[in-house]
Amino acid sequence: NSGVRVSKLCLGTMNFGARTEEPEAHRIIDTAIDGGINFIDTADVYARGISEEFIGRALAANGKRDDVVLATKAVARMGDGPNDYGAGRYHLTRAVENSLRRLQTHRIDLFYLHITDITTPIAETLDTLNTLVRQGKILYVGTSKWPVPLIMEALWTADKQGGPQIVAE
């Protein structure tokens, strides 16, 4: 329920940096874009950030960053520290900054909350996302693997707080 338009197919990049080496990842990205795909999906946890790095370098090399809707995700564990995961302000803010750096971009077009975090109040999570939207670091918000009741609570809370609505699951 937004004005952004994406291709019917999305390029998923979970294997970049794990099973797919960087030159092949660049070729896949270029082929997908040339074939009409304008939606690329990744996550900070994919190969511990390497997938994002491959995408960032590929889009810098081909100059097509603004031709794609770039999605990434956070919340999953990225380190051994007590704040290296979760949907709290501390982790989400750091996760977005790290993803922006790895992706070599100034904005994330669609930012997903990758998994649920029932230990963080939804109001804190949504307030943090609202701040990141106002700063221009993310444009749209989505969820991944969330149960419907939690999505409904998030939609209601965002409406009540005046924050960004969830536009994708």
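**Exercise 1. Helix α1**

Task: In this predicted model, find which residues of α1 are buried, and on which side of α1 they lie.

Solution:
- Step 1. List the buried positions. In α1 these are Ala25, His26, Ile29, Ala32 and Ile33.
- Step 2. Look down the axis. These residues cover an arc of only 135°, so they sit on the same side of α1.
- Step 3. Turn to the other side of α1. Pro23 and Asp34 are exposed there.
- Step 4. Ask what covers the buried residues. The cover includes β1 (11–12), β2 and α2.
- Step 5. Check the helix length. α1 spans residues 22–34, which is 13 residues, and at 1.5 Å a residue the expected span is 18 Å. The end C-alpha atoms are 18 Å apart, so the two values agree.
- Step 6. Move past the helix. Gly36 follows α1 and has a positive phi, near 105°.

**Exercise 2. Phe39 in strand β2**

Task: Decide whether Phe39 is buried or exposed, and name its bridge partner in β3.

Solution:
- Step 1. Place the residue. Phe39 belongs to strand β2.
- Step 2. Apply the cut-off. Buried means under 20% relative accessible area. Phe39 has 11%, so it is buried.
- Step 3. Find the pairing. β2 and β3 (residues 69–74) are parallel, with three bridges. The partner of Phe39 in β3 is Val69.
- Step 4. List contacts beyond four places in sequence. Phe39 touches Val6, Ser7, Leu9, Cys10, Leu11, Val69, Ala71, Leu110 and Tyr112.
- Step 5. Relate Phe39 to Ala25. They are 14 residues apart in sequence, and their C-alpha atoms are 15 Å apart in space.

**Exercise 3. Thr42 after the strand**

Task: Locate Thr42 and state why it counts as buried.

Solution:
- Step 1. Thr42 lies in the loop between β2 (39–41) and α2 (50–62).
- Step 2. Its relative accessibility is 0%, so Thr42 counts as buried.
- Step 3. Beyond four places in sequence, the contacts of Thr42 are Thr13, Ser51, Glu52, Ile55, Ala71, Thr72, Lys73 and Leu103.

**Exercise 4. The sheet**

Task: Give the strand order of the sheet, and say which strands are at the edges.

Solution:
- Step 1. Six strands form an open sheet, in the order β1-β2-β3-β4-β5-β6, with parallel pairing.
- Step 2. β1 and β6 are the edge strands, as each pairs on one side only.
- Step 3. Take β4 and β5. They pair in parallel over five bridges. Leu110 stands opposite Tyr140 in β5. The chain passes from β4 through α4 to β5, a right-handed β-α-β crossover.
- Step 4. Take β5 and β6 (residues 166–168). Two bridges join these parallel strands. Val141 has Ile166 in β6 as its bridge partner. The chain passes from β5 through α5 to β6, and this β-α-β crossover is also right-handed.

**Exercise 5. The nonpolar cores**

Task: Name the residues that touch the most other members of the largest nonpolar core, then the elements that give it two or more residues.

Solution:
- Step 1. The largest nonpolar core has 22 residues. Leu92, Val96, Phe111, Leu113, Leu129, Ile138 and Trp146 touch the most other members.
- Step 2. The elements giving two or more residues are α3 (89–103), β4 (108–113), α4 (122–134), β5 (138–143) and α5 (148–161).
- Step 3. Zoom in on Leu113. Beyond four places in sequence, its contacts include Leu92, Leu129 and Trp146.
- Step 4. Look for another core. A second, separate one has 15 residues, among them Leu11, Ala32, Ile37 and Val68.
- Step 5. Set this in context. In soluble globular proteins, nonpolar side chains tend to be buried together.

Notes
Residues are numbered from 1 along each chain as its sequence is written. This is a predicted model: local features need pLDDT of at least 70, side-chain atom pairs count only at pLDDT 80 or more; totals for chains, interfaces and linings use all residues. Side-chain values use heavy atoms; hydrogens and water are left out. Helices (H or I, at least four residues) and strands (E, at least two) are DSSP runs, numbered from the N terminus. Buried means under 20% relative accessible area, exposed over 50%, partly exposed in between (1.4 Å probe, protein chains only). Contact means heavy atoms within 4.5 Å. The expected span of a helix is 1.5 Å times one less than its number of residues. The arc is that of the directions from the helix axis to the C-beta atoms. A nonpolar core is a set of buried Ala, Val, Leu, Ile, Met, Phe, Trp, Tyr and Cys residues joined through side-chain atoms within 4.5 Å. Two strands pair if DSSP finds at least two bridges between them. A crossover is right-handed if, with the strands pointing away from the viewer, the path from the first strand over the helix to the second runs clockwise.
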